[in-house]
Amino acid sequence: MTYDEAMALLRRYNSEPFHLCHALTVSKVMRRMAQELGYGDEAEFWAIVGLLHDIDFERWPQEHCVRCVELLREGGADERLIHAVVSHGYGLCADVAPEHEMEKVLFACDELTGLIGACAKMRPSGSITDMDLKSLKKKYKSKAFAAGCSREVIAQGAQMLGWELDDLLSRTLEVMKPDEAAVAAELAALS
């Protein structure tokens, strides 16, 4: 599956700007993480997994990580991609554990990108480009802030990867920064 085919498949089941923005953000984080972690030759695949990870959530939130199997198979996805997408819901809505490092990165970064995005909205700049780890950690520790972003899942993801929590927070924040404007432009183009 190419990235363009994955985008067409995503658009078949997703139209809300919030969900599209999240998909684009996670896709770009996954691409950059692949390159940073030495999987540059798989960066496109990592990006596709990130793009499609919530394909079923907008229409079928109660069947998240279940309905996606059918949607992805019908869309031509291979079993490796399907396993990766399903595994990001491990312990929440799926019993398929992340195995590959890529799946662990997706598990760890999915919730975290949402938290970072929420933090950006609270900043005077409205951007993550001037956000530092200290500011992110302050919001991370505030359970009332962006309460829908599970700190337990983020911490579990860091543990799966064998990373310190600060390392996960810092790496994710830094790989999001260069693509913030590109995500906004792509989202505008999809509207």
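Reader: Which residue lies over the face of W163, at 4.2 Å from the ring centre?
Author: A charge sits over a ring if NZ of Lys or CZ of Arg is within 6 Å of the ring centre and within 35 degrees of the ring normal. This is a predicted model, in which local features need pLDDT of at least 70 and side-chain atom pairs count only at pLDDT 80 or more, whereas totals for chains, interfaces and linings use all residues. Residues are numbered from 1 along each chain as its sequence is written, and side-chain values use heavy atoms, with hydrogens and water left out. Over the face of W163, at 4.2 Å from the ring centre, lies R171.

Reader: At what distance from the ring centre of Y140 does R151 lie?
Author: R151 is placed over the face of Y140. Its distance from the ring centre is 5.9 Å.

Reader: How many aromatic pairs does a search of the whole structure find?
Author: Rings of Phe, Tyr and Trp (its six-membered ring) pair if their centres lie within 6.5 Å; planes under 30 degrees apart count as stacked, over 60 as edge-to-face and the rest as tilted. A search of the whole structure gives a number of pairs equal to two.

Reader: How far apart in sequence are the parts that the pair of Y13 and W60 ties together?
Author: The ring centres of Y13 and W60 are 5.9 Å apart and the planes stand at 55 degrees, so the pair is tilted. Both residues are buried (under 20% relative accessible area, with exposed over 50% and partly exposed in between; 1.4 Å probe, protein chains only). Helices here are DSSP runs (H or I, at least four residues), numbered from the N terminus. Y13 lies in helix α1 (residues 3–13) and W60 in the loop between α3 (43–52) and α4 (67–74), so the separation of the parts in sequence is 47 residues.

Reader: Is C65 buried or exposed?
Author: C65 is found in the loop between α3 and α4, and its phi is near 70 degrees, a positive value in a residue other than glycine. Most residues other than glycine have a negative phi. With a relative accessible area of 4%, C65 is buried.

Reader: At which residue does α6 bend?
Author: α6 has 22 residues and reaches 32 Å from its first C-alpha to its last, close to the 32 Å expected at 1.5 Å a residue (1.5 Å times one less than the number of residues). The bend at a residue is the angle between axes fitted to the seven residues ending there and the seven starting there. For α6, the bend of about 35 degrees is at C109.

Terms used. Helices (H or I, at least four residues) and strands (E, at least two) are DSSP runs, numbered from the N terminus.
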